[in-house]
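Hello,

Here is the structure we talked about, ready for you to open in your viewer. Have a look around first, and then read on for what turned up in it.

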Amino acid sequence: MNIKVLGGGCCKCENLLEAVKEAVAEKGIAAEIEYITDMAKIMEYGIMSTPALMVDNKVVSMGRALKTKDVLTYLL
């Protein structure tokens with residue numbers, strides 16, 4: 001599984017990254033987690049609002065700093 005957290009490095013983006021790490025650890029999933037802060041790269045994915053979460057190259061959330069329990073719903 002490939003998970004990308006996209007954002008500018010703000011507090012909300014960092015919180016989403018931590019929630020993703022906690023969710024992956026809780027589920028025991030083998031996942032590659034990427035944290036992308038390059039705005040040009042973020043725009044290439046069509047992200048218009050950060051933080052954003054992508055799972056296996058599909059955008060599942062934009063503009064929301066999800067909690068761990070919310071992230072878990074996307075990792076099933």
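What share of the contacts in the protein with a separation of 6 or more comes from residues 24 or more positions apart? The figure is 62%. Please keep in mind as you read that this is a predicted model.

Let's begin with the overall layout. The protein has three helices and four strands, and along the sequence they come in the order β-α-β-α-β-β-α. Its radius of gyration is 11 Å, close to the 11 Å that the globule rule gives for 76 residues, so the protein is as compact as a globular protein of that length. If you draw a box along the principal axes, the C-alpha atoms fill roughly 30 × 25 × 15 Å.

Next, the surface and the inside. Of the 76 residues, 36% are buried. The accessible surface is about 4,300 Å², and carbon and sulfur atoms account for 51% of that. As for charge, there are 9 positive and 10 negative side chains, with the centres of the two sets 7 Å apart.

Now find strand S3, residues 52-55. Ala52 and Met54 point one way from this strand, while Leu53 and Val55 point the other way, and all of them are buried. Strand S3 has strand S1 (residues 2-6) as a partner: the two run antiparallel and are joined by four bridges. In that pairing, leucine 6 is opposite alanine 52.

Strand S3 also pairs with strand S4 (residues 58-62), again antiparallel and with four bridges. Here valine 55 has lysine 58 as its bridge partner. The hairpin of S3 and S4 has two residues between the strands, and aspartate 56 in this hairpin takes a positive phi near 50°.

One residue is worth a longer look: alanine 52, in strand S3. Is alanine 52 buried or exposed? Its relative accessibility is 0%, and therefore alanine 52 counts as buried. Which residues does alanine 52 touch, leaving aside its neighbours within four places in sequence? They are Lys4, Val5, Leu6, Leu16, Ile47, Ser61 and Met62. For another view of where this residue sits, try alanine 40: it is 12 residues from alanine 52 along the chain, and their C-alpha atoms are separated by 14 Å.

A good way to start is to select alanine 52 and then show the residues in contact with it, including Leu6 and Met62.

Enjoy exploring!

Best wishes

How values were computed
Residues numbered from 1 in each chain as written. Predicted model: local features only at pLDDT ≥ 70, side-chain atom pairs only at ≥ 80, totals over all residues. Heavy atoms only, no water. Rg over C-alpha atoms; globule rule 2.2 N^0.38 Å. Buried < 20%, exposed > 50% of the residue type's maximum accessible area, 1.4 Å probe, protein only. Contact = heavy atoms within 4.5 Å. Areas by Shrake-Rupley, 256 points an atom, 1.4 Å probe, with all protein chains shown as cover. Lys, Arg positive; Asp, Glu negative; His and termini not counted. Charge placed at Lys NZ, Arg CZ, Asp CG, Glu CD. Pairing = 2+ DSSP bridges.
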